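Student: I should like a close look at one part of this model, namely the pairing of charged and aromatic side chains. Please set the pairs in their surroundings as you go.

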Amino acid sequence: MDTCESLLKGIEQGSFISLARGLTLVENDIDPSARLLRSLSVRKEVPVVGITGPPGAGKSTLVNAITEHFSAQNKRIAILAVDPTSPFNFGSLLGDRIRMSQHFNNPNVYIRSIATRGALGGISVKTIEMVDVMRAADFDLIFVETVGVGQSEIEIAGLADKTVVVLVPESGDEIQNIKSGLMEIAQGFVVNKADREGADAFANNLKKLVYQQHSKTPVFKTVADKKQGIGELCDWLIEPVLTANERKAFLLAEKALKIIQHYRMSGIDKQKLIADVREAAKKKDFNIYKFTDSWIS
């Protein structure tokens, strides 16, 4: 049995060691990652839940509380936490590992962090691939917590079966929170930190706006650090999606396009690009569009 077959068998049997190795190969484009991806038997019945929303909304704390609830029911949970990448040193503070440290020794919980790798919507092609590897493993639920960049973060809709938008009472104007795609991608809203002043009014106004949009999108109130409201939210999370997603073909096409773009650009040396831009930018007649012609042709 070769390395790929051995890894694949371990992943399908629920081995965290095999899963970790497989994810590392895929994340870093190390052989036999391409063969591994093409050999996956992705379990479509495993629900993927996307957790998104602005920074500071308590997404990590909410995922931590949800994980604790489901692990108490002996469910196997996988978490992929996406953290921002610095455009300068390409490093990333994978802080979710600190916030979720209480689950490290839980045999039913697997936590993995990944950097955005410059993806503005928080979802890189590596995120897509790693989720598919996780879906081939023996999990009951997979959570993807995005980086938290606000309204531009709608790419999660193409990856998750259910997308939850987490807000807080201080988020401001409710209309601001549901425009620019957030209303379209959300299957559920969570008003977290609901013990703060103005939370009830904020949640009620949000429900009215959702109703005015002729949407059945539920609005939940939680206090994640105190485990309040988590049970009701979790009951909804495991409910099957009964309505057909009319945008599924479009979202799958976007997913395929992202994968195609990634591999077509894989031959571009980014360090050389930076060096060439640095030199070219010193010229008074520097034009970024003329500069890129030499890279496109």
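Tutor: A residue is called buried when its relative accessible area is under 20%, exposed when the value is over 50%, and partly exposed in between. The model is a predicted one.

Let us begin with the aromatic rings. Phe-286 has a relative accessibility of 31%, and therefore counts as partly exposed. The ring with which Phe-286 pairs belongs to Phe-291, and the arrangement is tilted, with 6.1 Å from centre to centre and 55° between the planes. Phe-291, at 13% relative accessibility, counts as buried.

In total, the structure holds 4 aromatic pairs. Another of them is formed by Phe-220 and Trp-236, whose rings are tilted at 45° with their centres 5.4 Å apart. Because Phe-220 belongs to strand S7 (residues 219–221) and Trp-236 to helix H10 (residues 230–237), this pair ties together parts that are 16 residues apart in sequence. Phe-220 has a relative accessible area of 6%, and so is buried. Trp-236 is likewise buried, at 12%. The ring of Trp-236 also has a charged neighbour, since Lys-162 lies over its face at 4.3 Å from the ring centre.

A further group of rings is the aromatic cluster of Phe-16, Tyr-110 and Phe-139. Here too a charge meets a ring: the charged end of Arg-76 sits over Phe-139, at 5.3 Å from the centre of the ring.

Arg-76 leads to the charged residues, as it is linked with Arg-43, Glu-45 and Asp-138 in a network of salt bridges. Within this network, Glu-45 forms a salt bridge with Arg-43, with their closest N and O atoms 3.3 Å apart. Glu-45 has a relative accessible area of 58% and is therefore exposed, whereas Arg-43, at 25% relative accessibility, counts as partly exposed. Arg-43 is also among the residues in contact with Arg-135, a list that includes Val-42, Lys-44, Ile-142 and Asp-161. Arg-135 itself lies in helix H6 (residues 125–135) and is buried, with a relative accessible area of 11%.

Helix H6 brings us to Lys-126. The structure holds 13 salt bridges, and one of them joins the side chains of Asp-29 and Lys-126, at 2.7 Å from N to O. The two partners come from distant parts of the chain, 97 residues apart: Asp-29 is in the loop between H2 and H3, and Lys-126 is in helix H6. Asp-29 is partly exposed, with a relative accessible area of 40%, while Lys-126 counts as buried at 2%.

Lys-126 has a salt bridge with Glu-129 as well, at 2.7 Å from N to O. Why might these two residues of helix H6 be well placed to meet? Lys-126 and Glu-129 are 3 residues apart in the helix, which means that about one helical turn separates them. In an α-helix there are 3.6 residues a turn, so residues three or four places apart point the same way. Lys-126 and Glu-129 are both buried.

The surroundings of Asp-29 complete the picture. Asp-29 comes just after H2 and takes a positive phi of about 55°. The loop between H2 and H3 also contains Pro-32, and the peptide bond that leads from Asp-31 to Pro-32 is cis, with omega near 5°. As for H2, this helix runs over residues 16–27, and its end C-alpha atoms are 16 Å apart, which agrees with the span of 16 Å that its 12 residues should give at 1.5 Å a residue. Among the buried residues of H2 are Leu-19, Leu-23 and Val-26. The cover over the buried residues of H2 includes helix H1 (3–12), helix H3 (33–38), strand S3 (109–115) and H6. Helix H6 thus appears twice in this account: as part of the cover of H2, and as the place of Lys-126, the salt-bridge partner of Asp-29 in the loop that follows.

How values were computed. Residues are numbered from 1 along each chain as its sequence is written. This is a predicted model: local features need pLDDT of at least 70, side-chain atom pairs count only at pLDDT 80 or more; totals for chains, interfaces and linings use all residues. Side-chain values use heavy atoms; hydrogens and water are left out. Helices (H or I, at least four residues) and strands (E, at least two) are DSSP runs, numbered from the N terminus. Buried means under 20% relative accessible area, exposed over 50%, partly exposed in between (1.4 Å probe, protein chains only). Contact means heavy atoms within 4.5 Å. The expected span of a helix is 1.5 Å times one less than its number of residues. A salt bridge is a side-chain nitrogen of Lys or Arg within 4 Å of a carboxyl oxygen of Asp or Glu. Rings of Phe, Tyr and Trp (its six-membered ring) pair if their centres lie within 6.5 Å; planes under 30 degrees apart count as stacked, over 60 as edge-to-face and the rest as tilted. A charge sits over a ring if NZ of Lys or CZ of Arg is within 6 Å of the ring centre and within 35 degrees of the ring normal.
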